[in-house]
Structures are given as C-alpha cells and as structure tokens.
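Me: I've just opened a new structure and I'd like to learn how to read it. Can you walk me through it?

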Amino acid sequence: MPTKQESNWEDRRRHVRVRPAGDYDVRVEVVDGAVFSKVQVVDLSLGGVGILIEPPVDGYALHSALELRISTPEAEPVRVSALVRHRARGVCGAEFQGLSEAALAALRRAVSELLERGNLA
C-alpha cells in the first residue's frame, strides 16, 4: 500500500507515464559537451523522464540542469533541457523544460505508441 507521501506524488502527476518496450526503443542520452552517455529509461511522459541513477546520472543533484538527446523510432533525435526533480529508490526523475515543437511531437508519438502497446508505467 502506498504511503501518504507516495499517494500525494501520484495525485500531482499531470502526464501519463509509459515504460519503454523492447521492440520500440526510446533512447535517452545525457549530453555533456561533445560526450553523449546513454542512460537506462525507466519511464517517459510528455512532462519528463525517469532514468536509473547510475553514471553519469549519479553525479546530478536535485535541481541540476540536464541536457538530453532523445531518439525514438519514428522521429529524428531531439535535444531537450530538463531539471532533476527527484531522486529516490534508484531512479532520477527529470522534468522537461521549454520543449520545442519537434521534441513535443516526437514525445507525443512515442508515448501514444507505447500506451497503445499497453506499456503504462
């Protein structure tokens, strides 16, 4: 049974979250200058992404800014800015900031496709 704090967190979410699928690869990379480091995606929504806390993500504290490159099967890779909003149970939650139209369109397609496949997180 979820704690009161977890229930409140669930109530605050504005966007449906989906899990990646083996046959529909959503790739997320942390961009640090010319270095692109692939990270393990736990869940994805139009508002942000959950990624495992392992290098290089383990070096980012709450409220840190991240630059991400997101690749989906149906769109060109897009670069997005995000802020680390939480770190708990081995997962870092990053909230997207100022998404471009191209990034929003790519995310909408990916979330819709994964939702149709039943990959609700």
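**Reading the model step by step**

Reply: Let's begin with a small cluster of charges: Asp23, Glu113 and Arg117 are linked in a network of salt bridges. Keep in mind that this is a predicted model.

Me: What should I look for in a salt bridge, and how far apart are the N and O of Arg117 and Glu113?

Reply: Side chains of opposite charge can pair when their charged atoms come close. For Arg117 and Glu113, the N to O distance is 2.7 Å. Arg117 is partly exposed, at 34% relative accessible area.

Me: How many salt bridges does the whole structure have?

Reply: A search of the whole structure turns up six. One of them pairs Asp43 with Arg17, whose closest N and O atoms are 2.8 Å apart. Asp43 sits in strand β3 (residues 41-44) and Arg17 in the loop between α1 and β1, so this pair ties together parts 26 residues apart in sequence.

Me: Is Asp43 buried or exposed?

Reply: Asp43 is buried, because its relative accessibility is 10% and the cut-off for buried is under 20%.

Me: Which salt bridge should I look at after that one?

Reply: Try Arg69 and Glu29, whose side chains meet at 2.8 Å, N to O. Arg69 belongs to strand β5 (residues 65-72) and Glu29 to strand β1, so the pair ties together parts 40 residues apart in sequence. The two partners are covered to different degrees: Arg69 is partly exposed at 26% relative accessibility, while Glu29 is buried at 4%.

Me: Let me step back. How do I get an overview of the fold?

Reply: Start with the list of elements. The protein has two helices and seven strands, and from the N terminus on they run α-β-β-β-β-β-β-β-α. Then look at how much is covered: of the 121 residues, 36% count as buried.

Me: What share of the contacts joins residues 24 or more positions apart?

Reply: Counting contacts with a separation of 6 or more, 59% are between residues 24 or more positions apart.

Me: How do I read the strands, and in which sense do β1 and β5 pair?

Reply: In a regular strand the side chains alternate between the two faces of the sheet. Here β1 and β5 pair in the antiparallel sense, over four bridges, and Val28 stands opposite Ile70 in β5. On top of that, β5 pairs with strand β6 (residues 75-88), also in the antiparallel sense, over seven bridges. In that pairing Arg69 stands opposite Arg79 in β6.

Me: How many residues does the hairpin use to join β5 to β6?

Reply: Two residues make the link in that hairpin.

Me: Can you show me a covered residue in one of these strands?

Reply: Leu66 will do: it is found in strand β5 and is buried, with a relative accessible area of 3%. Leaving aside neighbours within four places in sequence, Leu66 is in contact with Tyr60, Val80, Ser81, Ala82, Val84 and Ala94. You can also check its C-alpha distance to Glu95, which is 9.4 Å although the two are 29 residues apart in sequence.

Me: What about the end of the chain? Where is Asn119, and which residues does it touch?

Reply: Asn119 is in the segment after α2 (101-116). Setting aside residues up to four places away in sequence, Asn119 touches Arg17, Val18, Arg19, Pro20, Ala21 and Leu114. Asn119 counts as buried, at 12% relative accessible area.

Me: And how should I read the surface?

Reply: Ask how much is exposed and which atoms supply it. The protein exposes about 7100 Å², with carbon and sulfur atoms supplying 50% of that. Val16, Leu115 and Leu120 make a nonpolar surface patch of about 240 Å². Val16 lies in the loop between α1 (4-12) and β1 (27-32) and is partly exposed at 37% relative accessibility.

Me: Last one: which backbone angles deserve a look?

Reply: Check for positive phi values in residues other than glycine. His63 has one of about 70°; this residue lies in the loop between β4 (48-52) and β5 and is exposed, at 55% relative accessible area. Arg89 has a phi near 50°. You'll find Arg89 in the loop between β6 and β7 (91-97), exposed at 72% relative accessibility.

Note on methods. Residues numbered from 1 in each chain as written. Predicted model: local features only at pLDDT ≥ 70, side-chain atom pairs only at ≥ 80, totals over all residues. Heavy atoms only, no water. Buried < 20%, exposed > 50% of the residue type's maximum accessible area, 1.4 Å probe, protein only. Contact = heavy atoms within 4.5 Å. Areas by Shrake-Rupley, 256 points an atom, 1.4 Å probe, with all protein chains shown as cover. Patch = residues over 30% accessible without salt bridge, like charges linked within 9 Å, V, L, I, M, F, W, Y side chains within 5 Å. Salt bridge = Lys/Arg side-chain N within 4 Å of Asp/Glu carboxyl O. Pairing = 2+ DSSP bridges.
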